[in-house]
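Hi,

Here is the structure I promised to pass on. Have a look when you get a moment, and my notes follow underneath.

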Amino acid sequence: MTLLSVQHLAKSFGGVTAARDVSFLLERGELLAIIGPNGAGKSTVFNMVGGQLRPDRGAVLLDGQDITNTAPQKRFRLGVGRTFQVAQTFLSMNVAENVQMALLSHAKETGGLWSPVRMRHRDEAMNLLKQVGMEEAADNPCSALAYGDVKRVELAIALAGQPKLLLMDEPTAGMAARERSELMDLTSTIADTKGIGVLFTEHDMDVVFGHAERVIVLVRGQIIAAGTPDEIRHHDEVRRAYLGDDHALDRPKGVSPS
Ligand code: ADP
Ligand code: MG
């Protein structure tokens, strides 16, 4: 069964149509990027999938179940996870404690506070940190982490909720080119190993073309193209939509603007 099915989503804010008839599918283990100019409607679509926004029309199905009007917390329990920036309060805790908090919260959410999960929090946290390459930093304060490492911890926190679907809105914003690539390599490996479907928005075309398996291009709320990175790179309408940013599409993989 298809993991995520987005069907004919539409959303307007006053006179602005932020999304118009947006439909796409996402399978387990797949990395799907939504790209488009600023204001194209990427975050709007994203928030309708996450439940933060209610669509005017259309439907969102997770594993065939209609979750269009399901609250974000309930979606989370059903396996819709998203990365959030590590909150300021979390900076007072160490790395492992942050992940343990997320595990505890997930256990509560799923009604298993007194289940053996609680006893395993430290081990489980360490296991998640290992998956994101941060086990060595388990006892370091989060406030002392480099930015790229904070992003890894955010990923571990999102994974603590055992998502089937992971939503990442501009996960690499503010990161240096090498860090961006590393974070997406990691995301890709984890998605593949755990069979998690990942939906992400991204400005950096190198990250998109280097890591997404499929790409959706949104312009003024509408999907103008969908396909593999190669198909999108050579798509005439996409090139026109990104006119003036042509070099971004032509740049070979792995080479970033300085
Ligand atoms: P993107 O993430 O692609 O930059 P957004 O989804 O944030 O685009 O925005 C799409 C359009 O909808 C923009 O014109 C934006 O100004 C408008 N918009 C988004 N959210 C709101 C909101 N909460 N209220 C009013 N207008 C909004
Ligand atoms: Mg946005």
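**What turned up**

Keep in mind that this is a predicted model. In it, Arg233 sits over the face of Phe209, 4.6 Å from the ring centre. As for pairs of aromatic rings, the count is zero.

On to the interior. The largest nonpolar core has 45 residues, and those with the most contacts inside it are Ile35, Leu129, Val132, Phe200 and Val217. Helix α5 (residues 147-160) contributes the most to this core, giving seven residues. Another core, of 25 residues, lies apart from it and includes Leu3, Leu32, Val80 and Leu165. Leaving out residues up to four places away in sequence, Phe200 touches Leu31, Leu32, Ala33, Ile34, Phe46, Met168, Pro171, Met184, Val207 and Ala212.

Helix α6 (residues 177-194) deserves a look too. At 1.5 Å a residue, its 18 residues should span 26 Å, and the end C-alpha atoms are indeed 26 Å apart, so the two agree. Arg180, Leu183, Met184, Leu186, Thr187, Ile190 and Ala191 are buried in α6. Seen down the axis of α6, the buried residues fall within an arc of 155°, so they line one face of the helix. Exposed Arg178, Asp192 and Thr193 are on the face of α6 turned away from its buried side.

What covers those buried residues of α6? The cover includes strands β3 (31-35), β7 (165-169) and β8 (197-201), along with helices α4 (121-131), α5 and α7 (205-211). After α6 comes Gly195, with a positive phi near 70°.

Best wishes

Key: Residues numbered from 1 in each chain as written. Chains lettered and ligands numbered in written order. Predicted model: local features only at pLDDT ≥ 70, side-chain atom pairs only at ≥ 80, totals over all residues. Heavy atoms only, no water. Phe/Tyr/Trp six-rings, centres within 6.5 Å; stacked < 30°, edge-to-face > 60°. Lys NZ or Arg CZ within 6 Å of the ring centre and 35° of its normal. Core = buried A, V, L, I, M, F, W, Y, C linked by side-chain atoms within 4.5 Å. Buried < 20%, exposed > 50% of the residue type's maximum accessible area, 1.4 Å probe, protein only. Helix = DSSP H or I, 4+ residues; strand = E, 2+ residues; numbered from the N terminus. Contact = heavy atoms within 4.5 Å. Expected span 1.5 Å × (residues − 1). Arc of directions from axis to C-beta.
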